[in-house]
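Colleague: I would like a close look at a single part of this model. Please start from one residue and work outward to what surrounds it.

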Amino acid sequence: QPGAPPPPGVRLPRRGARNILVTSALPYVNNVPHLGNIIGCVLSADVYARYMRQRGTNVIYMCGTDEYGTATEVKALSEGLSPQQICDKYHAIHAQVYEWFDIQFDHFGRTSTPYQTEIAQVYEW
C-alpha cells in the first residue's frame, strides 16, 4: 500500500535520501561456491554495503544465483537430475555458504523466478 511502512526486514528506497543498490556477479548454480566466488564477488559487495550503511546511506544489497545456461544443463546431466533439481540443490547450498560467511544480503534471489523472468523479458533487446 502506498505510504505504508515496508514489512519488517524489507529495505526500500527512501524518498529524498541517498539510496544505493549494491549487487555482484550472479554465481552459476552448477557447483558449490569456492573462496574465489566469495572473495572476488559477494564479499567485496557485502563490505561496501556495510561501509555505506555505516556512513548513513540507505543501501539495498541484492544478489542471487544465475540458473540459466549450458553449465546448468551439463551439471544436471552429470548428476542425473533435472535442471530444476540442480538449481534447487545448488541455490540452497549457495545460500547456506553465504550465511555461514555472514554475507548480509537484503535479498538473495534466483534468476528462474517468474517475477525476475518477467522483468528480464521487458528489457530484452
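Modeller: Let us start with His 91, which lies in helix H3. Keep in mind that this is a predicted model. His 91 has a relative accessibility of 13%. The cut-off for buried is under 20%, so His 91 counts as buried. Its side chain is not without a polar partner: a polar contact of 2.8 Å joins it to the side chain of Thr 65. Leaving out residues up to four places away in sequence, His 91 touches Val 29, Thr 65, Glu 67, Phe 108, Gly 109 and Arg 110. Several of these names come back below.

Take Glu 67 and Arg 110 next. Both touch His 91. Their side chains also meet each other, in a salt bridge of 2.6 Å, N to O. Glu 67 sits in the loop between E2 and helix H2 (70–79), and Arg 110 sits in strand E3. The two are 43 residues apart, so this pair links distant parts of the chain. Glu 67 is buried, at 5% relative accessible area. Arg 110, at 22%, counts as partly exposed.

Now step to Thr 111. Its place is the loop between E3 and helix H4 (114–122). Thr 111 is buried, with a relative accessible area of 8%. Beyond its neighbours within four places in sequence, Thr 111 contacts Leu 26, Thr 65, Asp 66, Glu 67, Tyr 68, Gln 116 and Thr 117. Thr 65 and Glu 67 are on that list, and both are on the list for His 91 too. Pro 33 is 78 residues from Thr 111 in sequence, and their C-alpha atoms are 17 Å apart.

Back to helix H3, this time with its partner H2. The axes of H2 and H3 come within 8 Å and cross at roughly 95°. That makes H2 roughly perpendicular to H3. From H2, the residues at the meeting are Thr 72, Lys 75, Ala 76 and Glu 79. From H3 they are Pro 83, Ile 86, Cys 87, Lys 89 and Tyr 90.

Helix H3 also feeds the main core. The largest nonpolar core has 16 residues. Those with the most contacts inside it are Val 22, Val 42, Val 59, Tyr 61, Tyr 98, Ile 103 and Phe 105. Strand E1 (19–22), helix H1 (35–54), strand E2 (58–65) and helix H3 (83–100) each supply at least two residues. H1 gives the most, with 6 residues. Val 22 shows how the parts come together. Residues up to four places away aside, it touches Ala 45, Tyr 48, Ala 49, Val 59, Ile 60, Tyr 61 and Met 62. A second, separate core has 5 residues, including Val 29, Ala 76, Ile 86 and Tyr 90. Val 29 is one of the residues that His 91 touches. Ala 76, Ile 86 and Tyr 90 are among those where H2 and H3 meet. In soluble globular proteins, nonpolar side chains tend to be buried together.

The charged pairs go on past H3. The salt bridges number 8. One of them joins Asp 102 and Arg 50, with the closest N and O atoms 3.6 Å apart. Asp 102 is in the loop between H3 and strand E3 (107–110), while Arg 50 is in helix H1, 52 residues apart. Both ends are partly exposed: Asp 102 has a relative accessible area of 42%, and Arg 50 has 29%. Another bridge runs between Arg 53 and Asp 106, at 2.4 Å, N to O. Arg 53 lies in helix H1 and Asp 106 in the loop between H3 and E3, so this pair ties together parts 53 residues apart in sequence. Asp 106 is partly exposed, at 25%. This bridge has company: Arg 11, Arg 53 and Asp 106 are linked in a network of salt bridges.

Last, the setting. The protein has 4 helices and 3 strands. From the N terminus on, they run β-α-β-α-α-β-α. The C-alpha atoms fill a box of roughly 50 × 35 × 30 Å along the principal axes. Buried residues make up 31% of the 125 residues. Of the contacts with a separation of 6 or more, 72% join residues 24 or more positions apart. The bridge between Glu 67 and Arg 110, 43 residues apart, shows such a separation beside His 91.

How values were computed. Residues are numbered from 1 along each chain as its sequence is written. This is a predicted model: local features need pLDDT of at least 70, side-chain atom pairs count only at pLDDT 80 or more; totals for chains, interfaces and linings use all residues. Side-chain values use heavy atoms; hydrogens and water are left out. A nonpolar core is a set of buried Ala, Val, Leu, Ile, Met, Phe, Trp, Tyr and Cys residues joined through side-chain atoms within 4.5 Å. Buried means under 20% relative accessible area, exposed over 50%, partly exposed in between (1.4 Å probe, protein chains only). Contact means heavy atoms within 4.5 Å. A polar contact is a pair of N or O atoms within 3.5 Å; within protein, one must be able to donate a hydrogen and the other to accept it, and residues adjacent in sequence count only if both atoms are side-chain atoms. A salt bridge is a side-chain nitrogen of Lys or Arg within 4 Å of a carboxyl oxygen of Asp or Glu. Axes are lines fitted to C-alpha atoms, for helices over the stretch in contact, and angles run from 0 to 180 degrees between N-to-C directions. Angles under 35 degrees count as roughly parallel, over 145 as roughly antiparallel, 65 to 115 as roughly perpendicular and the rest as oblique.
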